[in-house]
Amino acid sequence: MDTANETVVKRCGSMKDIRQHPDLQNPWAESMEPLKRIIANRFRRLRLSDMPIEVMGTIPDLDIDLLKRHARDLFPDLNLEKVTKATVRKSEKYMTWKLAHCLERHYTFQVRKCKDPSCCIQGTTAEDSPDLNAWLPDPVIDGDNGTHYKPYSEVGSQRSTCINAFKTTFQNS
């Protein structure tokens, strides 16, 4: 990044400020590329149960804009410029939508279509099957040593009664 752009970036107090300078978009992305490669390479070396960690690229700005447009249509009372837990809870439309479409757990946040045709476009036959429309189960510890979780094939149809029983932090307290 050249000196003039660095000076502009130094005056910016946040990423939002940087985004308001369209002329900084390419220089900023180019200057961040070496750092992104280093972090991605470190994550690629990580493994979980002998499976490599998948490193995904960034989301294109067009996709972010599309998501914001849909969110503005669905939740007009939600301030998309300041999305925090506190501000989101104040949006009655969002909270109603979340109750019908989301399941929030310690390890997961799941979103699915509801059965109301006036709300969600009805899916194909495969999407309507009970297996694909059910919530994913909570993780269940496999064995006594607590180092692995049971595979989905064993717990797919179960619902845990106490999610805290399988939280590592809960077990160690």
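Which strand does Gln 110 lie in? Before we settle that, one word of orientation: what you have in front of you is a predicted model. Gln 110 lies in strand E4, which covers residues 109-111, and this residue makes a good place to begin our walk.

Is Gln 110 buried or exposed? Its relative accessibility is 10%, and because the cut-off for buried is under 20%, Gln 110 counts as buried. Its side chain has polar partners there. The side chain of Thr 108 makes a polar contact with the side chain of Gln 110, at 3.5 Å. The side chain of Gln 110 also reaches a backbone atom, the nitrogen of Leu 136, at 2.6 Å. If you set aside the neighbours within four places in sequence, the residues in contact with Gln 110 are His 101, Cys 102, Leu 103, Trp 135 and Leu 136.

Now let us turn to Val 88, which is found in helix H5, residues 85-89. Val 88 has a relative accessibility of 12%, so this residue counts as buried too. Again leaving out neighbours within four places in sequence, Val 88 is in contact with Leu 78, Val 83, Tyr 94 and Met 95. For a sense of the spacing here, take Asp 77: 11 residues separate Asp 77 and Val 88 in sequence, and their C-alpha atoms are 9.4 Å apart in space.

Where does Val 88 belong in the wider picture? Together with Ala 71, Phe 75, Leu 78, Leu 80 and Tyr 94, Val 88 makes up the largest nonpolar core, which has six residues in all. Within that group, Tyr 94 touches Phe 75 and Val 88, and Tyr 94 also touches Phe 109, with residues up to four places away in sequence not counted. Apart from this core lies another one, of five residues, including Val 8, Val 9, Ile 18 and Leu 24. As background, nonpolar side chains in soluble globular proteins tend to be buried together.

Finally, let us step back to the whole chain. Its secondary structure comes to nine helices and six strands. The protein chain has 173 residues, and buried residues make up 18% of them. Among contacts with a separation of 6 or more, 22% are between residues 24 or more positions apart. As for the surface, the protein chain exposes about 14,000 Å², and carbon and sulfur atoms supply 56% of that area.

Conventions. Residues numbered from 1 in each chain as written. Predicted model: local features only at pLDDT ≥ 70, side-chain atom pairs only at ≥ 80, totals over all residues. Heavy atoms only, no water. Core = buried A, V, L, I, M, F, W, Y, C linked by side-chain atoms within 4.5 Å. Buried < 20%, exposed > 50% of the residue type's maximum accessible area, 1.4 Å probe, protein only. Contact = heavy atoms within 4.5 Å. Helix = DSSP H or I, 4+ residues; strand = E, 2+ residues; numbered from the N terminus. Polar contact = N/O pair within 3.5 Å; in protein donor to acceptor, adjacent residues only side chain to side chain. Areas by Shrake-Rupley, 256 points an atom, 1.4 Å probe, with all protein chains shown as cover.
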